[in-house]
Amino acid sequence: MTHYCFQCGTQLEARFMDNREREVCPACGWVYYAQLKVGAAVIIEQDDKLLLLQRAHEPWIGSWMIPAGYVEADEDPKDAAKREVLEETGLVVELSELVKTYYFADDPRGNGVSFVFRATKISGEMRINSEATNAKYFFLDEIPVYLTLGGHDKMIAEWCANAKQKETFS
């Protein structure tokens, strides 16, 4: 991809600096620093089941994911998490804890980090938007095999490990 200088509009060129290759403006010296995408995901449980959505679009069409999306530049990740759940499912949720952050480098749209929150449904009825073809709560032993990457596979695997541990100690 060709990038241009944000300061003077000159086409950037690759140079080795700071122990890595970076795009630099040959005219004014401005440096392009690529940054991670920031996402917010939400774990919603009901009766010991995990809510997953089936993707309607690429990448990973047909795979299953946790309700999630990208954080806007002027948005708190907590607000993004609640917004994404409402947009994707029609549910209004209350966030409890930050479960974990996940780094992902397998998304063709760019590398990033996702903040994963636990939430409880407080109102609304399930109403998926055009980003999903299906929404379903899954018991531990029903979790689909084809999971979305971009950190979703890791998030779901960790939920499964925690659910399995709860079963062991119950």
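**Entry 1: Asp107**

I began with Asp107, which is buried in this structure, with a relative accessible area of 7%. I note at once that the model I am reading is a predicted one. When I looked up where Asp107 sits, I found its place in the loop between E8 and E9. I then asked which residues Asp107 is in contact with, leaving aside its neighbours within four places in sequence. I wrote down Pro59, Trp60, Tyr70 and Gly150 as the contacts of Asp107, and I added that a polar contact of 3.3 Å joins the side chains of Asp107 and Tyr70.

**Entry 2: Glu45**

I turned next to Glu45, which I found in strand E4. Is Glu45 buried or partly exposed? I looked up its relative accessible area, which is 31%, and because buried means under 20% and exposed over 50%, Glu45 is partly exposed.

With neighbours within four places in sequence left aside, I listed Arg118, Ala119, Tyr137, Trp159 and Lys166 as the residues in contact with Glu45. For two of these I also looked up side-chain pairs: a polar contact of 3.3 Å joins Glu45 to Arg118, and a polar contact of 2.6 Å joins Glu45 to Trp159. I checked one separation as well, and from C-alpha to C-alpha Glu45 and Cys8 are 51 Å apart in space, while in sequence they are 37 residues apart.

**Entry 3: the second largest pocket**

Glu45 came up again when I looked at the second largest pocket, where Glu45, Asp48, Trp159, Ala163 and Lys166 are the residues that lie nearest the centre, out of a lining of 18 residues. I noted a volume of about 280 Å³ for this second largest pocket. Which elements each supply at least two residues of its lining? I found four named, E4, strand E8 (92-104), strand E9 (112-123) and H2, and I recorded that H2 gives the largest share of this lining, 7 residues. Sorted by class, the lining of the second largest pocket has 9 nonpolar, 2 polar and 7 charged residues.

**Entry 4: the largest pocket**

For the largest pocket I wrote down a space of about 330 Å³. I counted 24 residues in its lining, with Arg55, Met65, Ala68, Gly69 and Arg109 nearest its centre. The elements that give two or more residues to this lining are E4, E5, strand E7 (68-70), helix H1 (77-89) and H2, and the largest share, 3 residues, comes from E7. By class I found 10 nonpolar, 7 polar and 7 charged residues in the lining of the largest pocket.

**Entry 5: the nonpolar cores**

Last, I looked up the largest nonpolar core, which has 21 residues, and I noted Leu50, Leu52, Ile66, Ile143, Ile156 and Trp159 as those with the most contacts inside it. At least two residues of this core come from each of strand E4 (37-46), strand E5 (49-55), strand E6 (64-65), strand E10 (132-138) and helix H2 (152-169). Which element gives the most to this core? I found that H2 does, with 5 residues.

I followed one member further and, not counting residues up to four places away in sequence, I listed Ala41, Val42, Ile43, Leu51, Leu52, His152, Met155 and Ile156 as the residues that Ile66 touches. Apart from this largest core I found another core, of 14 residues, and among them I noted Ile44, Ala80, Val93 and Leu95.

Definitions and conventions. Residues are numbered from 1 along each chain as its sequence is written. This is a predicted model: local features need pLDDT of at least 70, side-chain atom pairs count only at pLDDT 80 or more; totals for chains, interfaces and linings use all residues. Side-chain values use heavy atoms; hydrogens and water are left out. A nonpolar core is a set of buried Ala, Val, Leu, Ile, Met, Phe, Trp, Tyr and Cys residues joined through side-chain atoms within 4.5 Å. Buried means under 20% relative accessible area, exposed over 50%, partly exposed in between (1.4 Å probe, protein chains only). Contact means heavy atoms within 4.5 Å. On a 1 Å grid over the protein atoms alone, a cavity is a set of points where a 1.4 Å probe fits but cannot get out, and a pocket is an open set with protein on both sides within 12 Å along at least five of seven lines; lining residues have an atom within 4 Å of a point. Grid points are joined across faces, edges and corners, and a volume is the space filled by probe spheres set on the points. Ala, Val, Leu, Ile, Met, Phe, Trp, Tyr, Cys and Pro count as nonpolar, Asp, Glu, Lys and Arg as charged, and the others, Gly among them, as polar. A polar contact is a pair of N or O atoms within 3.5 Å; within protein, one must be able to donate a hydrogen and the other to accept it, and residues adjacent in sequence count only if both atoms are side-chain atoms.
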